[in-house]
Amino acid sequence: MAKLIVKCHRYFRRKPVRFFTFIILYLTAGSLVFLHSGFVGETNVSEKESSTGETVSYRTDFHSLSFLQLGKGFKEPAVTQNLPRRYGSWLKEISRESPRWNKSGSSNRPWTRALKGRTIREQEENKAKYIGCYMDNTQQRALRGASFFDYKKMTVFRCQDNCAERGYLYAGLEFGAECYCGHKIQAINVSDSECTMECKGEKNNVCGGANRLSIYRLELTQESARRYGNAIFRGCFQRPENVSLALPVSAVMWNMSVERCVDFCTEKEFSLAVLAGTICHCGFPTTHFMLHEREDEQLCAQRCIGEEYESCGNTDYFIVYQTQVQDNRCMDRKFLPATSSQLIALASFPGAGNTWARHLIELATGYYSGSYYFDGSLYNKGFKGEKDNWKSRRTICIKTHESGKKEIEIFSAAILLIRNPYKALMAEFNRKYGGHIGFASQGHWKEWPEFVNNYAPWWVSHTLDWLKYGKKVLVVHFEDLKHDLFNQLKRMVQLFDFNISDDRLLCVESQKDGNFKRSGLRKLEYDPYTPEMRKMINSYIKTVDMALKLQNLTGVPDEYAPR
């Protein structure tokens with residue numbers, strides 16, 4: 001053996017080119033073997049999943065945490081993965097949600113006979129209710145809101161989600177690839193047999209027909225806004241005392257319609273389109289027309305001359321829509337010109353609306369907010385203080401989810417944002433598995449019981465710690481901020497010793513949603529909270545309620561849970 005090695009050594013010393021050629025061939029062969037093993041691994045995983053019906057998932061293995069440990073701050077352990085390779089989120093969604101179909105159109109999964117007989121349309125009814133097949137034509141659309149086409153990838157859910165995101169009540173699909181949205185169905189119902197075209201993006205589902213709409217009623221959350229096209233319906237309001245001062249631009253329109261008034265005010269670059277019978281007014285929200293006291297819509301129920309199904313208000317009560325024009329009175333933001341003498345925390349449990357509160361504070365003050373952490377997605381959405389060191393004092397306040405005496409006493413003052421734990425836990429679970437505006441997929445819900453058992457105690461310990469150790473703590477309930485944004489935001493801004501004009505706060509109201517609002521369509525059709533979970537969470541609510549009252553503050557809002 002030694003002689004063979006010596007001979008090889010002498011051979012390659014005399015022929016160095018052959019030595020390097022041998023090394024290259026060796027490395028190439030190794031690379032091919034490695035790539036081959038990788039593809040085999042992927043194939044095995046896919047075959048195993050399709051044959052057993054199991055889904056690919058990643059499990060966060062939390063250690064059991066005591067109440068006292070949570071009080072010192074929650075630290076989430078590293079995520080462990082039980083697959084040979086890590087797949088991107090898009091691939092996980094495909095493998096989790098999509099059954100494999102053979103050439104005959106049947107699934108390879110071992111479904112029961114009852115489930116095999118269930119149509120895709122019935123499955124979609126978990127998210128929206130199928131109304132029926134309706135006549136449509138290009139001159140008078142059955143649904144007259146927003147519309148979009150996709151002749152390659154249109155699906156029922158995609159159409160529903162787009163219409164729900166814009167606040168419409170109905171979504172209709174036509175010609176296999178066209179999606180229409182609206183608040184009213186302005187056409188007659190026909191037989192379902194006339195809606196037979198398959199969707200371009202899912203061959204086993206129906207997307208209307210030629211001049212026929214498959215229409216769904218969307219199950220929207222209360223937060224979803226009513227719209228007319230891209231304009232947001234603000235409501236019916238009493239005529240302001242000085243119309244010319246409140247709404248500086250107006251025009252008489254004898255053939256009045258919502259569309260005409262909205263288009264006119266959009267062209268004039270105003271954020272409000274106000275309909276008063278045959279007169280269209282334009283303006284911005286100001287102290288002369290604050291849009292805080294909505295009236296009964298019946299007072300505005302005078303039909304438009306140019307649009308039979310919409311109301312156009314009258315001389316005493318106005319219909320108001322918000323156009324797509326951006327109100328720039330509150331959009332300027334920058335870092336503080338000099339370092340602040342205070343380090344103010346915007347503290348909350350995850351899922352309590354911290355990002356939304358930061359958005360509101362930045363618009364109201366004109367200064368960036370910072371963060372104890374760093375989130376690249378937030379930075380890319382315009383939160384420029386995200387990259388700044390949280391101790392730099394160049395930002396108006398600092399986002400934090402930390403708790404515990406040491407972490408809290410660093411701050412000289414704090415806004416403590418509290419949200420209903422039932423809503424906060426759901427929001428954080430969706431953020432954790434679906435991103436800031438996404439949703440946890442069905443496969444992730446197996447993690448829900450463990451998530452609740454670990455996070456619910458953190459909700460109460462976080463609040464108690466800030467009430468106990470915080471200096472100059474201003475308590476704000478998410479629900480109060482949502483229902484009375486103007487006054488609650490005014491309270492928050494006063495903590496920064498800033499004088500903000502009412503007009504600027506009214507501007508914030510009109511831009512309140514920002515870029516982090518989930519669609520109103522996706523919601524669970526069942527209650528994810530078991531009786532045991534509710535018993536535990538209700539006891540935590542009572543604890544927080546009592547702690548707030550001991551500090552001479554109002555308790556938690558009544559909607560949290562019956563007490």
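These questions and answers look at how some labels in this predicted model are earned.

The model is predicted, with local features needing pLDDT of at least 70 and side-chain atom pairs pLDDT 80 or more, while totals for chains, interfaces and linings use all residues. Residues are numbered from 1 along each chain as its sequence is written, and side-chain values use heavy atoms, leaving out hydrogens and water.

Me: Why is Leu27 called exposed?
Reply: Exposed means over 50% relative accessible area, buried under 20%, and partly exposed in between, using a 1.4 Å probe and protein chains only. Leu27 has 52% relative accessibility, so it counts as exposed. Leu27 sits in helix H2 (residues 16-52); helices are DSSP runs of H or I with at least four residues, strands are E runs of at least two, and both are numbered from the N terminus.

Me: What makes helix H7 largely enclosed by the rest of the structure?
Reply: Seven of the 10 residues of H7 (residues 156-165) are buried, so the helix earns that description. The buried ones are Val156, Phe157, Cys159, Gln160, Asp161, Cys163 and Ala164.

Me: How do you know which residues of the second largest pocket's lining are nonpolar, polar or charged?
Reply: Ala, Val, Leu, Ile, Met, Phe, Trp, Tyr, Cys and Pro count as nonpolar, Asp, Glu, Lys and Arg as charged, and the others, Gly among them, as polar. By that rule, the lining has eight nonpolar, three polar and seven charged residues.

Me: Which strand gives the largest share of that lining?
Reply: Strand E15 does, with four residues.
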